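Got the viewer open? Let's take a walk through the model, one selection at a time.

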Amino acid sequence: MAQIQPIFEKILDGSGSATSEAWVDLGLIPTGKQIWFGYATFAGETKQFSFEVRTNKLTKSAGTVTDTTLHDYSNVTQASVDRDFYQYGNILMQSIVSTGTEHFWLRIRSKTSASGDYSYILYYTEY
Amino acid sequence: MGKPSGGGQSPFNLVINGTSNISSAKELWVDLGLIPNGQQYQIGKFSFTPLDSALGCEIRTNNNGKSSANLNDTTLLGKGVAKAGTSLIIDLWKNGRLYITTVLSTGVEHFWFRFYSKTNVTTEIIWNVNYLELI
C-alpha cells in the first residue's frame with residue numbers, strides 16, 4: 001500500500017495569557033474531516049507552561065479532560081519547544097472523523113498561578 | 001520550480017546572514033528584503049542567537065499588497081523563543097512535509113524577522129535564513 005505523504009499546509013497561531021490552566025479552542029473540525037497534526041512550536045514566553053494537544057471524543061465538543069483525547073504533551077520554561085508529530089511518517093497523530101461537533105484544542109497548564117504569556121504555531125492538514 | 005514532492009531534495013540555495021541589535025525595546029523588525037514582482041519565496045529554515053537576553057523570533061511575510069512591518073500587514077510563518085546565549089534553528093522544510101512560502105509578490109511585499117520580548121531588552125542577535133525562489 002502506498003504511503004500517503006502529506007503536506008501540512010494549514011497554519012494556526014496564537015498567543016495569550018494564562019494562570020494555572022487555559023483551554024484554547026483551535027477550531028471546529030469540519031464534518032467528515034480529520035485533523036492530521038504535523039508540527040508545532042510552543043512557547044512559554046514569561047513562565048513555565050505545559051501544552052497538551054487534544055481533540056474531542058466522538059460527538060463531544062467541550063474543552064474538558066473527560067471529553068477529549070490527549071495526543072501530545074510538552075513543557076517549556078521561558079523558551080520554545082518544537083514538536084514533531086509526524087516523525088518521517090512513523091507517527092499518525094489524528095483526530096476522529098468529525099460528526100460536525102468535535103473541536104481540536106490546546107490545554108495549557110502551569111505549576112504556578114501567576115499570570116504568564118504563551119504563544120504557539122501549529123502546522124496541520126485536514127483530509 | 002514547482003511545489004516539492006515528498007522526500008525529495010529542495011535546494012534552499014539563498015541565504016541571508018545578519019547581525020542586529022535591539023536596545024531597551026520590546027520589539028525589532030528586520031527587513032529581509034523586497035520580494036521582486038511576480039516572485040515567491042519558500043523558506044527552508046531560520047536560525048537566531050540572542051547573545052545577551054532571551055528573545056522571541058518570528059519570520060513573517062507581508063500580506064498581499066502590503067509593505068509595512070506590523071502585525072496586521074504580515075502573516076506569521078514560523079517562530080521560536082531562545083534563552084540568552086542560545087542558538088535556535090527552526091526547520092520549516094521538514095523533509096518536504098512543510099511548504100512555507102511568502103506571498104506571491106505584486107512588487108511591494110517584503111519578508112521580515114520580528115524579534116520580540118515581553119520586557120525591554122538589550123541584546124545583539126546573530127541570525128540567518130535559508131530560502132529559495134519558487135518562481
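Start by selecting β2 of chain B, residues 41-50, together with β6(B): these strands run antiparallel and are joined by nine bridges. Two strands count as paired here if DSSP finds at least two bridges between them. Strands themselves are DSSP E runs of at least two residues, helices are H or I runs of at least four, and both are numbered from the N terminus. For one bridge in this pairing, click B:P50, whose partner in β6(B) is B:I125.

Before moving on, some housekeeping. The model is predicted, so read it with its cut-offs in mind: local features need pLDDT of at least 70, side-chain atom pairs count only at pLDDT 80 or more, and totals for chains, interfaces and linings use all residues. Residues are numbered from 1 along each chain as its sequence is written, while chains are lettered from A and ligands numbered from 1 in the order in which they are written.

**Stay on β6(B)**

Keep β6(B) selected and add β1 of chain B, residues 14-34. This pair is antiparallel too, over 17 bridges. Pick B:S20 and you will find that its bridge partner in β6(B) is B:I125. Now add β3(B), which pairs with β6(B) in the antiparallel sense over six bridges. There, B:I59 has B:F113 as its bridge partner in β6(B).

**A glutamate in β3(B)**

While you are on that strand, residues 55-62, select B:E58. Is B:E58 buried or exposed? It is buried, because 23 other C-beta atoms lie within 10 Å. The rule is that 20 or more other C-beta atoms within 10 Å make a residue buried, 12 or fewer make it exposed, and anything in between is partly exposed, with C-beta atoms placed from the backbone.

Show what B:E58 touches: setting aside neighbours within four places in sequence, its contacts are B:L76, B:K79 and B:R114. A contact means that two C-beta atoms, again placed from the backbone, lie within 7 Å. For a distance to draw, try B:E58 to B:L34: they are 24 residues apart along the chain, and their C-alpha atoms are separated by 17 Å.

**Zoom out to chain B**

Colour chain B by secondary structure and you get six strands and zero helices. Its C-alpha trace spans about 40 × 30 × 20 Å along the principal axes. The radius of gyration, taken over C-alpha atoms, is compared with a globule rule of 2.2 Å times the number of residues to the power 0.38. For 135 residues a compact globule would come out near 14 Å, and chain B, at 15 Å, agrees. Buried residues make up 39% of the chain. Among contacts between residues at least 6 apart in sequence, 82% join residues at least 24 apart.

One loop deserves a click: the one between β5 (88-91) and β6 of chain B, where B:K94 sits. Phi of B:K94 is near 50°, a positive value in a residue other than glycine. With 19 C-beta neighbours inside 10 Å, B:K94 counts as partly exposed.

**Over to chain A**

Chain A also reads β-β-β-β-β-β along the sequence. Its radius of gyration is 15 Å, close to the 14 Å from the globule rule for 127 residues, so chain A is as compact as a globular protein of that length. The C-alpha trace spans about 50 × 30 × 20 Å, and 32% of the residues are buried.

Select A:Q78, found in β4 of chain A. What is the phi of A:Q78? It is about 50°, positive although A:Q78 is not a glycine. Most residues other than glycine have a negative phi. A:Q78 is partly exposed, with 18 other C-beta atoms within 10 Å.

**Where the chains meet**

Show both chains: 21 residues of chain A are in contact with 17 residues of chain B. On the chain A side, β3 (35-56), β4 (68-84) and β6 (116-126) each supply at least two residues, and β3(A) gives the most, with six.

**Last stop: the core**

Finish with the largest nonpolar core, which has 55 residues. Such a core is a set of buried Ala, Val, Leu, Ile, Met, Phe, Trp, Tyr and Cys residues joined through C-beta atoms within 7 Å. Label A:Y120, B:I43, B:F113 and B:F115, which have the most contacts inside this core. Its largest share, 10 residues, comes from β6(B), residues 110-133. Around A:Y120, leaving out residues up to four places away in sequence, look for contacts including A:F42, A:F51 and A:L106.
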